[in-house]
4 protein chains.
Amino acid sequence: MEQLSQAYLEKTVLQSKPFSADGKVKETVPGINSTVEGSLGLAVCTVDGKEFEAGLTDYRFTLQSISKVINLMIALQDAGPEAVFKQVGMEPTSQLFDSVKGLTELGGHKPFNPFIDEGAIAITSLITGKNSEERFNRIIKLLRKITGNAKLRMNEAAYEEAKRDSSKSYALAYYLESESVIENGKVEEALDLYFRGLSIEVNALELARIGAFFARDGYMNGEDEPLIKPDHISIMKALMLTSGLYNDSGKMAVQAGIPAKSGIGGGIVAAATGIMGIGIFGPALNAGGNSTAGMEALKHLSRNFDLNIFKRSSFNPDKNT
Amino acid sequence: MEQLSQAYLEKTVLQSKPFSADGKVKETVPGINSTVEGSLGLAVCTVDGKEFEAGLTDYRFTLQSISKVINLMIALQDAGPEAVFKQVGMEPTSQLFDSVKGLTELGGHKPFNPFIDEGAIAITSLITGKNSEERFNRIIKLLRKITGNAKLRMNEAAYEEAKRDSSKSYALAYYLESESVIENGKVEEALDLYFRGLSIEVNALELARIGAFFARDGYMNGEDEPLIKPDHISIMKALMLTSGLYNDSGKMAVQAGIPAKSGIGGGIVAAATGIMGIGIFGPALNAGGNSTAGMEALKHLSRNFDLNIFKRSSFNPDKNT
Amino acid sequence: MEQLSQAYLEKTVLQSKPFSADGKVKETVPGINSTVEGSLGLAVCTVDGKEFEAGLTDYRFTLQSISKVINLMIALQDAGPEAVFKQVGMEPTSQLFDSVKGLTELGGHKPFNPFIDEGAIAITSLITGKNSEERFNRIIKLLRKITGNAKLRMNEAAYEEAKRDSSKSYALAYYLESESVIENGKVEEALDLYFRGLSIEVNALELARIGAFFARDGYMNGEDEPLIKPDHISIMKALMLTSGLYNDSGKMAVQAGIPAKSGIGGGIVAAATGIMGIGIFGPALNAGGNSTAGMEALKHLSRNFDLNIFKRSSFNPDKNT
Amino acid sequence: MEQLSQAYLEKTVLQSKPFSADGKVKETVPGINSTVEGSLGLAVCTVDGKEFEAGLTDYRFTLQSISKVINLMIALQDAGPEAVFKQVGMEPTSQLFDSVKGLTELGGHKPFNPFIDEGAIAITSLITGKNSEERFNRIIKLLRKITGNAKLRMNEAAYEEAKRDSSKSYALAYYLESESVIENGKVEEALDLYFRGLSIEVNALELARIGAFFARDGYMNGEDEPLIKPDHISIMKALMLTSGLYNDSGKMAVQAGIPAKSGIGGGIVAAATGIMGIGIFGPALNAGGNSTAGMEALKHLSRNFDLNIFKRSSFNPDKNT
């Protein structure tokens with residue numbers, strides 16, 4: 001096995017970066033343009049708090065769909081799994097990241113899972129708060145604690161852009177209303193919270209800290225009580241593995257075997273339970289909306305540190321010494 | 001944590017059996033009828049060879065879709081992952097077990113994954129052998145070794161029934177031929193091997209031994225060389241987790257977190273890597289084609305022996321003592 | 001051939017009315033409830049102005065989807081066929097009246113035809129006018145002239161109900177916006193006009209007059225210039241025949257062969273070119289949203305007065321004597 | 001109105017032929033290749049037997065999907081409409097000519113209509129005869145009489161090609177078997193008759209005579225009894241109008257308003273009831289499988305001879321003098 005180090009990460013960035021040539025940036029995302037298309041930032045936080053980074057790890061970009069896993073986390077905490085999964089299913093689909101098929105193929109009249117757009121919109125209403133702003137403040141407060149960045153905030157331009165380019169989200173939200181998944185009259189509020197979440201700005205290191213928090217099953221180092229129930233974190237990780245990378249989820253389950261969630265801002269957060277969190281910024285995306293260089297880096301890390309949950313050794317680390 | 005024992009399994013069978021009331025047997029499957037509808041057999045083999053069983057574990061039933069994971073295993077060994085995944089995808093779908101939707105929604109003109117019918121039919125041709133009989137003999141030989149039952153064989157009545165009730169399989173196979181996934185003129189042979197696989201007869205204990213073989217990453221106890229490459233076994237387990245239980249796959253990933261594969265004969269094989277294999281016979285199926293009592297038993301085992309791969313303790317068992 | 005008369009219509013109402021037992025009223029439509037479920041009103045206007053009626057022909061009900069053909073007529077007049085069919089297609093679909101499938105299966109990124117909901121919403125913007133109210137006034141003015149009812153107006157309760165129960169329409173409209181079929185920011189206006197149209201109140205006799213206007217290819221009796229270009233009327237009639245009765249369109253093309261348009265308020269307007277217009281009020285609907293008694297009456301009229309455009313005699317009546 | 005004449009047809013061929021540049025021949029069809037790509041043959045038979053032709057009207061090509069309307073005709077005669085429409089629906093779809101969607105979207109578990117492949121295969125079993133050969137002989141015999149060509153026959157090369165390239169048809173047929181639309185064990189026979197029909201060889205003039213036969217509602221000139229019941233012919237024409245030109249059906253209903261059926265051999269047969277039959281050979285096809293030059297010629301004929309069934313004058317020819 002490799003030794004986790006600054007040098008290792010730098011080598012991995014070098015080996016993975018060329019894969020960004022197979023992808024393209026999503027220029028409609030504020031802050032993302034051709035100047036970062038070839039970039040890759042890779043950060044690792046071990047569960048006991050050691051941090052390593054290489055490449056463009058201080059570039060701030062928006063969570064985009066990664067916010068769906070944050071929203072899910074808080075919805076699970078606020079409403080409990082039963083209420084959450086009354087609202088959305090748990091089944092992976094094979095749809096593209098910008099599909100609206102779920103619109104007409106709700107599984108049992110609810111979105112297939114919380115990571116497709118309609119599912120993500122559906123669960124925002126389960127987050128406690130008077131309105132979308134108050135709900136959002138709870139999200140930001142939690143993320144500030146987890147990332148250690150007290151200034152973590154929403155990117156206003158991204159929020160404005162999300163509101164501007166929102167027709168498809170409105171279509172989904174109204175369809176959910178028509179199917180009584182969203183309560184009558186709550187479309188605007190659901191979407192506002194959804195758009196705010198998409199617009200939260202992080203860097204790769206902060207993502208790695210979020211991943212490490214998942215890898216610690218919801219515990220902050222040095223605290224006795226978990227911030228989020230371990231049972232809820234494991235639910236999230238199961239969904240990340242089966243559905244976190246759009247229609248590359250199955251392939252990455254096979255090739256890396258690490259629960260991960262991606263966003264079209266180029267981010268990927270991954271969590272190797274009990275071992276490490278991984279944060280990636282790789283804005284060149286494949287047709288499926290996932291970072292090409294980022295997925296390559298994940299495969300390296302999985303192979304080199306035995307992170308694949310379907311492999312024996314990761315379960316019996318002591319046998320590998 | 002519970003102590004794994006005969007008594008534990010008996011208690012679990014008692015607690016899970018009532019869930020068979022939520023399901024129904026598939027009477028078209030030979031050997032399956034109302035007299036076994038309320039039954040449940042549960043067997044566990046630990047990776048180091050201890051065996052426990054409770055309930056109806058000596059009833060012989062047919063693998064049905066569980067054969068898909070066996071075929072995949074041998075196809076991976078014979079042709080390698082690259083060739084296999086040129087033929088089929090790795091993405092989970094949200095389709096019902098008897099759906100033919102994949103027919104018209106082939107992902108990139110190939111079946112979404114090797115566990116939907118069209119995918120399973122597609123990969124049979126990658127198994128080495130002059131004809132379907134020779135190919136089948138290789139499968140049986142391997143399974144005899146893994147299960148320790150030198151008399152393991154195909155149930156002739158089930159094979160005849162599979163051939164008789166084959167219109168949908170023929171439709172799928174010819175569609176694959178039209179899409180050049182199956183080579184021209186090879187439909188009959190592909191289907192024959194597929195039907196033979198469905199008809200292999202096992203009991204719950206034998207299934208548990210197969211699960212234990214997966215849990216040992218392809219090693220037989222006492223042998224230095226793996227029978228099947230560990231890398232291939234981990235591919236199979238990833239696919240089992242994302243797609244092994246039809247449209248309950250996502251739910252069971254969340255609720256049990258153990259790679260598993262089911263068949264409409266009532267069987268479930270599950271593999272907790274490095275820990276144990278689980279074999280279940282629970283012929284009462286839900287609408288999705290999965291054993292209702294069997295899934296309940298899986299949840300018990302997962303909870304009581306920390307088998308959920310998305311939970312921390314299963315990765316670092318020594319830290320939890 | 002039968003003699004067109006009051007007595008004939010009364011007989012036809014008697015024979016057709018029992019078919020309302022196969023349908024059910026749509027109680028969410030204002031003015032429609034179980035007290036009219038068994039009713040049938042049947043009115044005929046010949047192209048030269050003779051009028052006959054039988055049954056419940058003075059009951060006022062809302063146009064609902066029949067307004068789609070009116071909107072199409074005015075859009076064709078205002079923008080011309082080329083502009084209209086840049087916005088929507090002309091192809092029949094096999095979808096149910098309340099399907100939102102078109103949402104995700106737009107043919108070439110535009111609605112399949114102007115009679116499915118998304119198509120109907122799409123063309124409202126082609127009607128000339130500063131805003132939806134002004135546009136609506138043009139529609140009402142034209143309909144007042146055609147029906148001879150100077151007091152024709154919108155049913156306010158129906159309009160309110162349409163706005164209240166509008167989630168699905170909003171979903172469709174925003175999806176159209178996301179596909180650039182509806183211009184950015186015009187969703188509200190498009191829907192307002194659409195809802196107003198649905199809510200226009202008529203009776204069966206007025207519908208028959210509208211049908212006769214279609215049968216006269218857009219001419220009012222006694223006027224030299226057509227109100228609407230004959231070419232546009234024939235376009236509308238072609239679309240009515242292929243798509244006017246939702247997924248009963250094909251069946252009624254075969255069984256009656258008369259261009260017709262239905263609405264879930266129970267109305268059907270039909271036009272036998274050069275012969276007569278037919279207006280029907282039959283609020284008991286089948287699962288496809290069409291009046292069961294009304295379709296039966298149409299078949300009677302078609303058979304008895306040779307109105308089937310696929311039959312020889314209707315084209316050359318004098319050759320058949 | 002134009003005068004129907006040799007000169008008129010020659011002018012129309014000249015005007016329409018350039019539209020073949022928008023299409024492409026289907027080279028897999030025997031006899032069809034680039035040497036005929038720019039060709040157009042146009043023949044007209046009036047209901048009283050006058051014949052006109054221009055362009056490539058003696059080139060022999062295969063019926064392909066035009067055979068579906070012939071099979072339907074004979075099935076209606078042999079089994080009656082009730083039995084036919086128990087087997088297939090009457091609803092137009094918006095699917096492409098080579099779609100297999102009907103496979104998974106049977107309307108009420110039967111093919112949507114008799115002109116999509118699965119519908120056409122489904123009805124072959126309703127044609128009386130011991131086996132597919134005997135059934136086929138009845139078809140050929142009837143077509144010889146209608147076309148006046150005693151030597152009309154199947155093109156053997158086309159039949160062989162149809163059998164060779166038959167995977168998709170087999171897929172459809174077995175799916176129909178699985179849905180009990182085709183009786184168990186009858187797939188081979190159904191397909192054999194279907195393939196034979198596709199392979200019948202005609203020229204444009206013969207197609208025009210078939211069209212004239214439809215235009216005469218099933219009567220041969222000079223005979224008192226119809227060969228086929230007029231009611232059945234009108235059913236066929238209704239289906240031709242709504243579904244005869246694949247997904248150009250709606251457009252051509254609007255733009256020409258003449259019942260027509262096309263085949264990928266380049267043929268179109270059209271029937272203006274009481275007026276004329278039209279036969280076209282235009283092998284350059286659009287993406288929808290229809291002759292581009294042929295559809296243009298149809299529009300000319302419709303406009304110049306008032307053949308549009310949705311226009312007033314065609315119903316009242318005497319009013320237009």
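The paragraphs below lead through a predicted model, from one sheet to the core and then to the way the chains meet. Residues are numbered from 1 along each chain as its sequence is written, while chains are lettered from A and ligands numbered from 1 in the order in which they are written. Because the model is predicted, local features need pLDDT of at least 70 and side-chain atom pairs count only at pLDDT 80 or more, whereas totals for chains, interfaces and linings use all residues.

A good place to begin is chain B, where five strands form an open sheet in the order β2-β1-β7-β6-β5, with antiparallel pairing. Helices (H or I, at least four residues) and strands (E, at least two) are DSSP runs numbered from the N terminus, and two strands pair if DSSP finds at least two bridges between them. At the edges of this sheet stand β2 (51–55) and β5 (260–262) of chain B, each of which pairs on one side only. Within the sheet, β6 (residues 267–272) of chain B is joined by six bridges to the antiparallel β7 (residues 276–281) of chain B, and B:Ala271 stands opposite B:Gly277 in β7(B).

Across β1 (41–46), β2, β6 and β7 of chain B lies helix α8 (residues 204–215) of chain B, which runs at about 150 degrees to β7(B); axes here are lines fitted to C-alpha atoms, for helices over the stretch in contact, and angles run from 0 to 180 degrees between N-to-C directions. Two residues are in contact if their C-beta atoms, placed from the backbone, lie within 7 Å.

Turning to chain D, D:Leu298 touches D:Met252, D:Ala256, D:Ile258, D:Ala260, D:Ile268, D:Ala270 and D:Ile278, when residues up to four places away in sequence are not counted.

Between chains C and D, 36 residues of chain C are in contact with 36 residues of chain D. On the side of chain C that touches chain D, α9 (230–243), α10 (249–255) and α12 (312–315) of chain C each supply at least two residues, and the largest share, eight residues, comes from α9(C). Since 100% of the interface residues of chain C are also interface residues in chain D, the copies meet through the same surface.

Other pairs of chains do not touch: no contact joins chain B and chain C, whose closest C-alpha atoms lie 14 Å apart, and no contact joins chain A and chain D, whose closest C-alpha atoms lie 14 Å apart.
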